[in-house]
Amino acid sequence: MIEVFSPRLLPSIASLVLATALSLPAGAQETVKIGAIYPLSGNAASAGTAAKAAIEVATEVINGDHQNLGDLTLARGAGLPGLKGAKVEVVFADNQGTPAAGQNQALRLITEEKVHALTGAYQSGITLTASAIAERHGIPFLSGESVAANLTERGFKWFFRTTPVAADIAKTYMAFLKEIKGAGTKVDSVAIVNENTEYGTSIAKVLREAAKENGFNVSIEIPYSANTTDVQSQVLQLKDKNPDVVIFVSYTSDAILYTKTMQALGYKPPVLIGDNSGFSDASFLKTVGGIAQGAINRSAWDIGKPGSTTFLINEMYKKKTGNDLDDTAGRAMQGFFVLVEAINRAGSTDPAKIQAALKATDLKPGQLMMGYKGVKFDDKGNNTLASALLIQVQGDAYVAVWPKENATAELKLPYKGW
Amino acid sequence: MSATVVQVIVGGLLLGAVYALFSSGLTLIWGMMNVVNFAHGDFVMLAMYTAFVVWQLLGIGPAGGVPIAALVLATVGIVSYFALVRHVMRGPMIAQILGTFGLALLLRYSVFWGFGANFMSLPDNLVGGTFEVLGVRLQASRLLAGTVALIVTAGLHLLLTRTPLGSRMLAVAEDADAAQLMGIRPDRMQAIAWAIAAGATGIAGALIATFFYISPTVGETLAIIAFVTVSLGGFGSVPGALIAGLLIGVIESLSAYWIGAVYKDIVVYSLFVAVLWLRPQGLMGKS
């Protein structure tokens, strides 16, 4: 037998145990650990790293004392007052752009990193698999940015999201199209061009139904793979059909390719709507903004006037990344704020208490950084107060153009391109 | 045939020429030494970034970007050969695969670290804009890439079949030991093959950068097509890569136009499997 325990060591071990036990109540507050799953490599890495930077800014805001950010949740005072000033620690994990990796990372964060809650995962198709793991382990998962309809149709009890969802988005576009039709723009035929994973497929389906309900004719639907090298044929299909409105549901690389190819083939739809994701990526404006003049996008983010809360947050983000905050990263950041606010209100890191606090969430517009009408979850976990306005590429930036009461610039039609 | 179909075919041909261009380097290395270079796509990516940096620093387009990228990549090729490939070639096949795959990740994440994940792009009209010939719209940048693809392919083919250097390289490819007995140094020939292959890839990348986006993972997207092109054309056959590239480009474009974009891969890969079933050595490969 090998002697592993020497009696001579006993006193020192005893004192060690005692010291640890004594230091616990007096020691530093426990930290709240949140796992954040984003595409930090792969084709969507630019969006993922933007979301990561945004969440890091949010962590700074929460952990530090920021008196200048108005009523934004947890900005004033350092840390979480509900947990004796505990600090938030975020463990980032790379989903590599694949649902399988997202699922593995969720499992690792829960079982090895012992996170108290999860957020992410940008691509709806990956949020789908990652949140299923959280559900199985009874860990709250809040997505700030994934919009696919079926994420909240699974009867999950631990899944919440703050973003406007596919149905809200379709409603916004339809209301917009009706209004411009009323003002004399021709909106007889609509084309839907969507990437073919969860995000694009889901939005396309909801758009198709909404168009039908509102009496718009969807003349052509073009699903495609986002990871494509060439989109000439798709653009030529559009050119053949010549629809009055084209709605793109794309990620970044494909949004850039479409814009470049449309210019090369000399095709301009009268009205071009680029649904968020790819069109909201800061890379989009930088690479092809100059030849996408007049592209319309949805957003709940507005930098606002100098000195305002949103303006100051944008400054913090800009200092970190060199870019203005975009809508997608902004929604991820807002989701994170809401999650931490619920943990603070729960006063505990117990998953069930966080879940209960999330269900009781009732935030007012003044407590948010995004332009939602508030945050309040329904039974499925959707934010009933989420909303979006429409923005348009004018010059080298997006400006708010619709609805009129939120507009900072005039809507310019038709699509100008280059 | 409607004007649009002509446009689709012309677009497919130009696309195919580019596929051929960035596949020629891969087929050369494959044919020369039976090494599958999994870092090939990332060589293309590196060349695209080189072209971007050249434009940013010197303000010149492909006129400067192409030769500089060719030189930079040829150097990368030689360094990769001496630092990595020469050693893993002595090991089992799996060592080659993992070795070059490791190189791919090293290059990809070095660029990630240096340039960040953001997408970049060269200005749109760096190589003239677009013009119309007989009702077909042509983009100057793609036309340039297509033309250079033909020249490079022809050049590589002539180099291999009509020059003493080419004969020596092919001799090494045929039987390195026998070549050595004839006074040819296999090591040197293989290093030259890597330099030429990577250099050609450099030209390809710098030209693709004029009409494509640039990102650290762009090589991943392009590499799959390069592998398909090379296997379809025949391992080691430069003209085979050209024919396969053009074929894939046109079939892809037509099937995307007629059947739908999501089905184009099914059409291309079914054809690919069918050809390999009938001719496992590829269209122009030696059996």
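**Notes on chain B and the nonpolar cores**

1. Starting with the surface: chain B exposes about 11900 Å², and 70% of that comes from carbon and sulfur atoms. Keep in mind that this is a predicted model.

2. On burial, 56% of the 287 residues in chain B count as buried. As for charges, the chain has 12 positive and 10 negative ones, and the mean positions of the two sets lie 7 Å apart.

3. The fold of chain B has 11 helices and 2 strands. Going along the sequence, the order is α-α-α-α-β-β-α-α-α-α-α-α-α. The radius of gyration is 19 Å, close to the 19 Å the globule rule gives for 287 residues, so chain B is as compact as a globular protein of that length. Along the principal axes, its C-alpha atoms fill a box of roughly 60 × 50 × 35 Å.

4. Contacts in chain B reach far along the sequence: taking those with a separation of 6 or more, 76% join residues 24 or more positions apart.

5. Now the cores. Which residues have the most contacts inside the largest nonpolar core? They are Leu238(A), Phe248(A), Phe22(B), Phe43(B) and Met48(B), in a core of 113 residues. Helix 1 of chain B (residues 3-33) gives the most to this core, with 14 residues.

6. Leu238(A) is worth a look on screen. Leaving out residues up to four places away in sequence, Leu238(A) touches Ala191(A), Val193(A), Ile220(A), Ile222(A), Pro243(A), Val246(A), Phe248(A) and Tyr267(A). Apart from the core of Leu238(A) there is another one, of 88 residues, including Ala36(A), Ile55(A), Tyr122(A) and Met370(A).

Conventions
Residues numbered from 1 in each chain as written. Chains lettered and ligands numbered in written order. Predicted model: local features only at pLDDT ≥ 70, side-chain atom pairs only at ≥ 80, totals over all residues. Heavy atoms only, no water. Helix = DSSP H or I, 4+ residues; strand = E, 2+ residues; numbered from the N terminus. Rg over C-alpha atoms; globule rule 2.2 N^0.38 Å. Buried < 20%, exposed > 50% of the residue type's maximum accessible area, 1.4 Å probe, protein only. Contact = heavy atoms within 4.5 Å. Areas by Shrake-Rupley, 256 points an atom, 1.4 Å probe, with all protein chains shown as cover. Lys, Arg positive; Asp, Glu negative; His and termini not counted. Charge placed at Lys NZ, Arg CZ, Asp CG, Glu CD. Core = buried A, V, L, I, M, F, W, Y, C linked by side-chain atoms within 4.5 Å.
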